[in-house]
Amino acid sequence: VDWGPFLIVDGKNQFEKSSTTWECARTAIAQREDGIVLFLVIDGLQDHSKGVSYKDLANILERYGAINASNLDGGTSTSMVENGAYVNAPWNGFKPTFRWLPNAWIVSP
């Protein structure tokens with residue numbers, strides 16, 4: 001699993017004052033103070049979603065109560081599946097791209 005950069009550390013948004021605007025597909029993992037783990041997957045470079053910057057990603061997770069958060073490898077390295085169906089649309093810049101991934105985070109009720 002590819003990690004980084006850290007977005008929120010001990011409740012401090014690491015990109016609060018950032019001027020970066022590079023928007024693309026992103027994936028993040030975060031934890032709230034009560035221990036709940038959050039996953040966020042955002043498609044990018046497509047008509048339905050241009051993606052987000054690191055600053056945007058940190059701000060979204062902060063709104064959901066994240067006190068620690070890190071960017072993960074997004075884009076075609078992320079497939080989100082619910083009840084056997086894809087809920088995101090990985091895109092390689094030219095076409096939808098679903099590929100075998102060597103690891104997984106599995107969330108069970």
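Two strands are taken to pair if DSSP finds at least two bridges between them. In this predicted model, strand 3 (residues 26–32) and strand 5 (residues 66–72) satisfy that criterion in the antiparallel sense, with 6 bridges between them. Within this pairing, A30 has A69 of strand 5 as its bridge partner.

The pairing of strands 3 and 5 belongs to an open sheet of 5 strands, whose order is 2-1-5-3-4 and whose pairing is antiparallel. The edges of the sheet are formed by strand 2 (12–13) and strand 4, each of which pairs on one side only. Helix 1 packs on this sheet and touches strand 1 (3–9), strand 2, strand 3, strand 4 and strand 5, while the direction of the helix makes about 50° with that of strand 1.

Salt bridges between side chains number 2 in the structure. In one of them, the side chains of E23 and K50 meet at an N to O distance of 3.6 Å. This pair links distant parts of the chain, since E23 lies in the loop between strand 2 and strand 3, whereas K50 lies in the loop between strand 4 and helix 1, the two residues being 27 residues apart. E23 has a relative accessible area of 29% and is therefore partly exposed, whereas K50, with a relative accessible area of 55%, is exposed.

A salt bridge is also formed between D34 and R32, and here the closest N and O atoms are 2.5 Å apart. The relative accessible area of D34 is 52%, so that D34 counts as exposed, given that the cut-off for this class is over 50%. R32, for which the corresponding value is 27%, is partly exposed.

The backbone was also examined for positive phi values. Most residues other than glycine have a negative phi. Against this background, L45, a residue other than glycine, has a positive phi near 60°. L45 is found in the loop between strand 4 (37–42) and helix 1 (54–63), and its relative accessibility of 56% means that L45 counts as exposed. K50, one of the salt-bridge residues described above, is likewise placed in the loop between strand 4 and helix 1.

A positive phi, of about 50°, is found at N83 as well, although N83 is not a glycine. This residue is located in the loop between strand 6 (81–82) and strand 7 (85–86). With a relative accessibility of 79%, N83 counts as exposed.

Definitions and conventions: Residues numbered from 1 in each chain as written. Predicted model: local features only at pLDDT ≥ 70, side-chain atom pairs only at ≥ 80, totals over all residues. Heavy atoms only, no water. Helix = DSSP H or I, 4+ residues; strand = E, 2+ residues; numbered from the N terminus. Buried < 20%, exposed > 50% of the residue type's maximum accessible area, 1.4 Å probe, protein only. Contact = heavy atoms within 4.5 Å. Axes fitted to C-alpha atoms, helices over the stretch in contact; angles between N-to-C directions. Salt bridge = Lys/Arg side-chain N within 4 Å of Asp/Glu carboxyl O.
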